[in-house]
Each structure stands twice: as C-alpha cells, then as structure tokens.
Amino acid sequence: MPSVALDGEPVPRTGDLPAHSLAELGDRPLGFYVHVPFCVTRCGYCDFNTYTADELVSRDGTATASRETYAGQAVAEIETADRVLAGDRPRVSTVFVGGGTPTLLSAEDLGRIVSAIGDRFGFAPDAEITTEANPETVTPDYLRRLRRAGFTRVSFGMQSARPHVLRVLERGHTPGRPEQCVTWAREAGFDHVNLDLIYGTPGESDEDWAASLEAAIGAGPDHVSAYSLIVEEGTRLAARVRRGELTEPDDDAMADRYLMADEALASAGYTPYEVSNWARTEEGRSAHNLLYWTGGHWWGVGPGAHSHVGGTRWWNVKHPAAYAARLAAGETPAQAREILTDAERRFERILLELRVESGCPLELLDAHGLAAAERLVSDGLLDPRAHADGRAVLTRRGRLLADAVVRDLT
C-alpha cells in the first residue's frame with residue numbers, strides 16, 4: 001500500500017457509489033484487501049503507508065491509534081462496505097491482509113476481521129484468504145491459530161537469504177527463519193504458502209541471488225514472488241543512494257537476475273503465471289492478485305487502502321488516527337475518488353492483463369496498437385501463436401520489457 005498521496009474528487013460522507021458502478025457488481029468477482037498499518041521498525045526501502053509505535057504517539061504521550069483497537073475499526077469499515085454495496089453482489093472470492101505487518105495483530109483479531117467479511121457478504125466456495133507475515137512475528141502456535149481463524153494461504157517476506165543483503169534492506173529477520181516458517185505453516189495445515197524475494201539490492205551479487213533462490217525453492221513453498229528493488233523517493237535507501245553510500249540498482253543486472261529467477265524456478269517446476277509470480281500448480285496461484293489483474297472488484301479496508309468497484313476508484317485517509325476518527329463519527333474513511341473513463345479503463349485492462357500468462361485480447365487494441373502488436377511479434381516480445389489466436393501474450397524477453405510493450409500497445 002504505497003504512501004503516495006493522490007488528488008481526486010470528494011467522496012460523499014456516506015461513501016455511496018455511483019449507480020453505474022454498483023450495476024457492474026454482479027459481473028465480476030469481489031475481493032477485500034485489508035491494510036494493517038503497523039510495523040515494529042520501518043525498513044529502509046519501504047514506501048508503504050506504515051507506522052511504528054513511536055509514530056503513533058501525540059506530544060502529550062498518548063496513543064493516537066493502536067493495534068488493540070484496530071480490528072474493531074476494520075470491522076466498522078466492513079459494515080460500511082455492506083451498506084454501500086447492498087443489492088445484487090457476488091459472495092467474496094478473496095481476502096488479502098497486507099501491511100505493514102499484519103501478524104503484529106493477534107491471530108484472533110485477524111480472524112475477527114475475516115469473520116466480519118464472511119458474516120456480511122458470505123464467502124464463495126473455496127475462497128482464498130491470505131495474510132502476509134513477517135517471519136520474526138510468527139510461531140508454530142500462531143500459525144495454527146491463523147489456520148483455525150479461517151486463513152487458507154500465508155505469504156512470508158523473505159527478501160534474501162544473505163545477511164549483508166538483509167542489512168542493506170534493513171530487514172530484521174534471521175536468515176533461515178523464512179524457510180523454517182514454511183515448514184511451520186505446512187504443519188499448521190496451510191496448503192498454500194508464498195515466499196517474497198527482492199533482487200537488485202546494492203551490494204547483492206549474482207551468487208547472493210542464486211543462493212536466495214536456492215534457499216527459497218528448497219523450503220518448498222508452492223508459490224514464489226520475485227520483485228526488482230525500486231528505490232522510492234523519501235525512503236532511507238534513496239537518501240543513502242543520493243549520498244553515494246550505495247549504488248543505484250543497475251538495469252542490466254536486474255534483467256540478468258530476473259532471468260536467473262525464471263530459469264531456477266522453471267527448473268524446479270514453477271510456472272510464471274504473471275511477470276513477477278511463479279506457482280507450482282494452478283491451485284497455488286494467488287487468486288487475489290489475479291482478481292486485481294483481470295478487472296475484479298475489491299474493497300480496500302484500512303488507512304490509505306485503495307478500492308475499485310465498477311470503474312470508480314477511491315482511497316482512504318492515510319493516518320490511522322484520522323481513519324479511526326472518521327469511523328467513530330459514522331463517516332466514510334474515504335478521502336477522495338476518481339471515476340474512470342472508458343479510455344482509462346481500456347488502458348488499465350491492457351496494462352494489467354498483459355502481465356498475466358493468458359495476456360490480453362487483441363480486440364482491446366486500436367489500429368495503432370494492432371500494428372504495434374505485429375511489430376512486437378517480429379521483435380520477439382509477443383508470442384506469435386497467441387497472436388494468431390487473437391491475444392497479446394508476452395514472451396520471456398517480453399516480460400523483461402513489459403512496461404515498454406504496454407507503451408507501444410497503447
């Protein structure tokens with residue numbers, strides 16, 4: 001949940017949505033994202049909307065927001081969602097609890113939030129319910145309690161297996177702990193487990209990255225996500241790069257690391273079903289992320305959370321204290337919104353669907369895009385067989401240049 005503030009039009013105090021957006025509710029799956037904005041410390045590369053305990057204390061020493069009261073606030077927003085989305089709507093297909101560090105809340109509080117969604121909306125058969133987890137904040141008992149609370153999937157932030165790389169990222173966990181957590185999660189009854197990796201950290205070598213991949217694969221998760229490091233303005237990492245203490249990640253090295261990941265994961269039986277995500281089975285794919293990429297509806301709960309229903313996108317106030325105050329006053333926590341035009345929705349559909357294994361239909365493209373698609377096939381960036389079947393699908397080389405391909409097609 002990035003911390004960048006956006007401009008938009010005012011949202012009604014009730015949070016009501018335009019009728020044309022509500023009319024689309026029954027057409028696509030519905031998911032919930034729940035943002036937990038608390039962290040023990042802020043990692044140097046992180047630009048997400050998160051807060052440490054010290055950042056949530058006023059000048060007189062009183063807490064402006066707390067972990068202990070957060071579940072109740074999230075439930076209050078879910079009740080708002082129930083009222084706003086009244087009428088013909090699907091049952092909830094996916095829930096994803098992210099952060100921050102969701103596992104700083106008790107398993108019971110996380111379960112209370114999930115139960116509130118289920119009680120109000122109902123869950124679709126085989127609904128996927130995921131939480132992110134910091135490896136240092138969970139134990140075997142905590143994971144068993146999460147499973148009893150209804151979670152079906154857990155995603156651990158591993159980032160790297162090398163201590164010196166973790167130090168640059170300012171990640172607090174011990175190497176080997178994420179792999180241990182995968183074992184604990186399996187023993188707790190989780191069939192679906194993800195490990196998140198980051199490549200391109202200053203000071204990381206090819207050997208370091210290969211070791212991280214080997215450790216992640218060896219742990220036996222059914223899903224691995226691998227993301228290139230982005231130096232976000234305003235972070236401590238960006239300040240260190242600016243001062244010359246660390247070098248900016250190199251684009252060629254990033255491409256090489258991506259290819260290393262794809263080759264290692266493919267050899268181990270993982271399929272790249274999205275540019276940055278690999279799964280061993282179709283069941284192991286992240287249904288929640290696929291909902292984002294394929295145009296589903298979702299309601300974002302929590303400070304700074306973003307939502308999208310039927311072409312209307314809105315985002316909540318960022319600070320946990322402001323979020324709590326809005327809910328206590330019986331108002332929507334939404335700060336602003338935008339109603340997307342047909343052209344904007346078409347662009348976003350191309351942007352997102354192109355990232356997934358099945359690609360996007362060529363019928364979405366205008367004359368310029370269709371001509372570009374033919375050229376991109378000749379350049380080896382789009383798959384020729386898929387193109388002949390009426391779809392734009394990235395090749396492995398195309399995945400390396402996905403942003404440039406989208407620019408050409410749109």
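Let's start with two rings: Phe 32 and Phe 121 are both buried. Keep in mind as you look around that this is a predicted model.

**A pair of rings and what it joins**

Why is the pair of Phe 32 and Phe 121 worth a look? Phe 32 belongs to strand β1 and Phe 121 to helix α3, so their pairing ties together parts that sit 89 residues apart in sequence. The count of aromatic pairs comes to 9. In the one formed by Phe 32 and Phe 121, the arrangement is edge-to-face, with 5.1 Å centre to centre and 65° between the planes. Elsewhere, ring pairs link Phe 38, Tyr 70 and Tyr 323 into a cluster. There's also a charged residue over a ring: Arg 147 lies over the face of Phe 190, at 5.8 Å from the ring centre.

Phe 32 turns up again in the largest nonpolar core, which has 106 residues. Phe 32, Phe 156 and Leu 409 are the ones that touch the most other members there.

**Strands β1, β2 and β3**

Now follow the strand that holds Phe 32. Strand β1 (residues 30-36) runs parallel to β2, and 7 bridges join the two. One place to see this is His 35, which stands opposite Gly 98 in β2.

Is strand β2 mostly covered or mostly open? It spans residues 92-99 and is mostly covered, with 7 of its 8 residues buried. On to the next partner: β2 also pairs with strand β3 (residues 123-133), again in the parallel sense, over 5 bridges. Here Val 92 has Phe 123 in β3 as its bridge partner. To get from β2 to β3, the chain crosses through helix α3 (residues 107-121), and this β-α-β crossover is right-handed.

There's a small oddity in the loop between β2 and α3, where Gly 100 is found. The peptide bond from Gly 99 to Gly 100 is cis, with omega near 20°.

**Strands β4, β5 and β6**

Another run of strands comes further along the chain. β4 and β5 pair in the parallel sense over 6 bridges. Phe 156 stands opposite Leu 195 in β5. Setting aside neighbours within four places in sequence, the contacts of Phe 156 include Asn 194, Leu 195 and Asp 196, and also Ala 133, Val 138 and Leu 143. Cys 181, Val 182, Ala 185 and Val 193 are in contact with Phe 156 as well.

Strand β5 (residues 192-199) is mostly covered, with 7 of its 8 residues buried. It pairs in the parallel sense with strand β6 (residues 223-228) over 6 bridges, and Asn 194 stands opposite His 223 in β6. Which helix does the chain pass through from β5 to β6? That would be α7 (residues 206-219), and the β-α-β crossover is right-handed.

**Four residues to click on**

Here are some individual residues, with their relative accessible areas.

| Residue | Relative accessibility | Class |
|---|---|---|
| Thr 312 | 0% | buried |
| Gln 159 | 6% | buried |
| Leu 365 | 8% | buried |
| Asp 126 | 80% | exposed |

Take Asp 126, which is found in strand β3. Its phi is positive, about 60°, although Asp 126 is not a glycine. Gln 159 has a positive phi too, near 70°, and it's likewise a residue other than glycine. You'll find Gln 159 in strand β4 (residues 153-159). Why does Asp 126 count as exposed? Its relative accessibility is 80%, and exposed means over 50%. Gln 159 is buried because its relative accessible area is 6%, and the cut-off for buried is under 20%.

Thr 312 sits in strand β11 (residues 312-316). Not counting residues up to four places away in sequence, Thr 312 touches Leu 17, Pro 18, His 20 and Ser 21, along with Ser 307, Arg 337, Glu 338 and Ile 339.

Where does Leu 365 lie? Look in the loop between β13 (360-361) and α13 (367-378). Leaving out neighbours within four places in sequence, Leu 365 is in contact with Arg 346, Ile 350, Leu 370, Ala 373 and Leu 409. That last one, Leu 409, is among the residues that touch the most other members of the largest nonpolar core. Leu 365 and Thr 410 are 45 residues apart in sequence, yet 7.2 Å apart in space, C-alpha to C-alpha.

Key:
Residues are numbered from 1 along each chain as its sequence is written. This is a predicted model: local features need pLDDT of at least 70, side-chain atom pairs count only at pLDDT 80 or more; totals for chains, interfaces and linings use all residues. Side-chain values use heavy atoms; hydrogens and water are left out. Buried means under 20% relative accessible area, exposed over 50%, partly exposed in between (1.4 Å probe, protein chains only). Helices (H or I, at least four residues) and strands (E, at least two) are DSSP runs, numbered from the N terminus. Two strands pair if DSSP finds at least two bridges between them. A crossover is right-handed if, with the strands pointing away from the viewer, the path from the first strand over the helix to the second runs clockwise. A nonpolar core is a set of buried Ala, Val, Leu, Ile, Met, Phe, Trp, Tyr and Cys residues joined through side-chain atoms within 4.5 Å. Contact means heavy atoms within 4.5 Å. Rings of Phe, Tyr and Trp (its six-membered ring) pair if their centres lie within 6.5 Å; planes under 30 degrees apart count as stacked, over 60 as edge-to-face and the rest as tilted. A charge sits over a ring if NZ of Lys or CZ of Arg is within 6 Å of the ring centre and within 35 degrees of the ring normal.
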